[in-house]
Amino acid sequence: MDTKVVLSLKDITKRYPGVLALDHVSLDFLEGEVHALLGENGAGKSTLIKAVAGAIDLDGGIVHIGNHDYNQMTPHLSRSLGIEVIYQEFNLVPTLSAAENIFLGDRIAKSFLVDFKTMKSRTKEIFGLFRVDIDPGALVRDLSPAQQQIVEIAKAVSKNVRILIMDEPSAPLSVSEVDRMFEIIRQLKQKDVTVIYISHRLEEVFRISDRVTVMRDGRYVATKLTKDTSRKELISLMVGRELTEVYPNRASTPTETAIEIKHLSGNGDRDISFSVKKGEIVGLSGLVGSGRTELAMLLCGAVPLEGGEIWVDGKPVKMRSPADAKKAKIGLLPEDRKGHGLFLEMGVKWNICFPIIRGLSKNGVVDRKKETQIAQKYKEQLDIRTPSLEQRVINLSGGNQQKVVLAKSLAAESNILIFDEPTRGIDVGAKQEIYKLMCELANNGSAIIMISSDMEELLGMSDRIIVLSEGEMAGEVKREQFSQDYILDLASGTF
Amino acid sequence: MNNQPAFLSSLRGKIGLMMRKYAPQMILLVLLILFSFLSPKFMTLFNMTILVRQVSFAAISAVGVMFVMISGGIDLSIGSQIVFTNIVLSIMLAYAHVPLILAIPITLLMGTVLGVINGFLSIKLKIHPLIITLGTASIYKGLGYIVAQARNIMGFPDSFRVFGQGYLWKIPVPVVIMIVIALIASFILNRTYFGRHVFALGGNEEAARLAGVNVNRMKVTLFALCGFISAITSVLLLSRVFAGQVSTGQGIEFDCLTAALLGGISFKGGEGSVFGLMTGILIIGVLNNAMQLASFPDFSQNVVKGAVLLIAVGFDQYQKTRKAKETIARVPVQG
C-alpha cells in the first residue's frame, strides 16, 4: 500500500468557552486510505473536521498538507487544496436540479448563458463512474436521501477532491443504500482519494475502513489498522475512561406500574410495548433515527397514535393532544429545549408557570402571588441560578435552562417524566446536578424515561434499557446484563 | 478614580436601556415639542381633542390587530371587513329600519364571523395569515361593493349619531370607547392566562402546543376578536360619517400596522404592549394633524409617514441586532 501522507495534523487545539474541544490532536492521513474516526458524542470528531475544513478558527496547531504548513484554514483554502466535506445536514439547494447542485459555484457557461448541456453531460459522466442512474435534471427535493447523498459525493468529485470527509454518512440511509455508498467509496479509493469516515457504527468501520482512529474527550487516543483490531478493543478505547462522573445511588424500590405502553405505533415507530414503574428510570437507547424521540413525541401527545394503547395508573388514556398528556401527568423535557421547551424571550417565572397558568387563574385572571410562590419554590428546589425570576431564560446557561424546563413539568405535577437527551450541551458540573435531580425524582416515586445517546450516562442511570432499532423494539436489557457492546449490537440490528 | 469610567459606562448603559425601552415615547415627545414650536394652533385643547378623535377609530381596530400580531399572525383584511360591515349596517338602518339595539349586535356578530373565517382558513390551509387575509381582504371588499351597488346610503335615525359624533363630559364618544377598549385589552394581555397564551403563541408556537395550548382554537379566537373589534370601529365610523359609502374604512389596516410597528410590536410576534401601540397611534395622529395644520399636500404626508415608519422600525431592528450580539457574547461566560 502506498504510504504517502496527504494530510498531517499537528497539535490541533480548539477551545470553546469552558471546554477544550480539541486538545493537541496529532494525526496523519494516508493517500488512498479509508480512515475511520471513532468516538462518542463530544469526543471532538466533528470539531476536528471543522478544523480541517476551515469552518472554525484554531487556537493552536498546524495543518500540514501538500508540503505547506497552515496554522489556520479557511473554507476557501481547504477547498482549493482538494478537501471536501459532506456534513450530516446536506448542503444542497432543494429547488435546483442535481446537475445544477453539483456545479453550483462553478462557471459552466457559454458567454453569459449557463451551458446546461455540458453541465448535464458532465453530471452523467460522474454518475456513470458510480454506476448510478439519476436524472441530472431531476430536482434535488424529489430525490431520496440516498440519491441526495450521491449528489453530494458527485459534487465533491466534480471539484477534483483529494480528501473526502464524510460525517455520519450512513445515518439517513437504508442497509442496501449503505452498500452502494461503500461501493462508491471503494471506487474513490482506487483513484487515490483519501476518505475520512466518521461513524459510530462499529460494524461499518470494520467493513469499509483501512485504519481507524479513536478520539475521546477532545483528545487523540489511538490509531489502529482495522484488520488488527477488534470491536472490543475499539469500544474500550472509545469509552475506556474510568467513571469520572459518579451516578448517584438510588434507594427506591420500584413497585406499581406507572405507565404501560401496549403495541404502540405511529410517527415512524411500530409495535412498541414496555412499562415503567413508579420510582424507576428506564433508559431508551438506539442510534440516530431509531425512533426514540419519535416515541417521546407519541407519549406526550404531540403526534397522533396510529395504533396501540397507553395505560397510565392502570387505566387507558386517550392521547389526542399534548393537553391529554398533561392531564395524564406525563411531562416531556424535549431534546430541542430551546425550540420545543422554552419561551426564550420570556422570564423564568413566566416559563415555569406557563403550563399551569390557567389553573393559577381565577375567572381568567392570573393570581400573581401564587405564581411567584410556585416559581420561587422550584427555583429553590432545583437550584436554578438566575439573578431574578424575571430574568429572560435566553440569558441562562444550558444547565439552568434545562432546570427551567424540568420546573415546568414539575409545576404541572407530572410524575411520568420523559427526559430526551437531558444533558446534551450541558457542562459536566451541571450534568451531575441533573442526574441528582432525576434520582431524587425517582426516589420520590416518579417514573422516568430517559433517552440518551451517551452510553455511559444511560448505563449509569437506568434500571433497565429499552433498545430501539429502525422504529422497532430491538430488545430490553436488565441491569445485570448491562454492557455497552450488547446494547450497541442490539441498536445496530446485528442480532 | 478607577471607578469613574465604570460608573459612567453603567450610567450610559442605563440611559441606553431607557432609550431603547421608551424609544417610541421619545419620538412622540420630540414630535409634540417640535410641532408646538412650529404652530401655535397645535398644542391647544381643541386641536388635541380633534387629533385624538381622528386616530381613535384606527386605534380601536389596531387593538385587534395587536392581539393577532403578538400571537405571531397578521390581519390585513380589517379595512375590507369594515367596508363590508359598514355597508350592511347602513342598509339595515336606512332601508330595513332595523332598530339600533338589534342592528349593532348583528354588525358586531358579522365582524366576528369574518374574523372566524380568516382564522379557519389560516388553520385549515396552513398558509401564512398574511396571504390568507390578503385574499379575504379582496373578497370582503368586493362583497361590500356588490351589496352597496354604488349607492350612497343615507337616512339613519338621529339617535345613531351619538357613537361617532357625541361627547361624554367633553370627550368624544369614540375616544372614550378607545380608552375603555385599550384598558380592557391591556388587562387581558397582562393579567389573564389568555394573555399569556397569546404571547406564548407568538414566542414559540411549538412549545405552546407541547404545553397543552390548543393552538388552532387560539388562532381562530384571535382572528374572531380582531373582527369583532373592527366591527366596533365600523359602527363608530358609520355614525361619524353618517352615510354608507364603500370608501369608509379602506386602508385603515395600514395605519394600524404602522402604529403597531412604531409601538414596538414586531411581525415575529411574542412581544408588544397596549402602551406601545397607543404611542404608535398617537405618533401617526400627531403627524397627520400637524401636516394638515401646515397644509402639507396629501402626497407629501404619505412620504413623511412612510419615512417615519422606516426610521423607527429600522432603529429598533438595529438595536435588536446589537442586543443579540451582546447576548451571544455574554452567554458563554456564564457557563
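Colleague: Which strand does β3(A) run parallel to over four bridges, β10 being one candidate?
Modeller: Strand β10 (residues 194–198) of chain A is joined to β3(A) by four bridges, and the two run parallel. Strands here are DSSP runs of E, at least two residues long, and helices are runs of H or I, at least four, numbered from the N terminus. Two strands pair if DSSP finds at least two bridges between them. This is a predicted model: local features need pLDDT of at least 70, side-chain atom pairs count only at pLDDT 80 or more, and totals for chains, interfaces and linings use all residues.

Colleague: What is the bridge partner of A:Val34 in β10(A)?
Modeller: A:Val195. Residues are numbered from 1 along each chain as written, and chains are lettered from A in written order.

Colleague: And β11(A), how many bridges to β3(A)?
Modeller: Four, in the parallel sense; β11 covers residues 211–216. There, A:Leu37 has A:Thr213 as its bridge partner.

Colleague: Is β3(A) buried or exposed?
Modeller: Mostly covered: five of its five residues, 34–38, are buried. Buried takes 20 or more other C-beta atoms within 10 Å of the residue's own, with C-beta atoms placed from the backbone. A:Val34, A:Ala36 and A:Leu38 are on one side, A:His35 and A:Leu37 on the other.

Colleague: New topic. How many residues of chain B are in contact with chain A?
Modeller: 24, against 28 residues of chain A. Contact means C-beta atoms, placed from the backbone, within 7 Å.

Colleague: Which helix of chain B gives the most there?
Modeller: α14(B), with six residues.

Note on methods
Contact = placed C-beta atoms within 7 Å. Buried ≥ 20, exposed ≤ 12 C-beta atoms within 10 Å, placed from the backbone.
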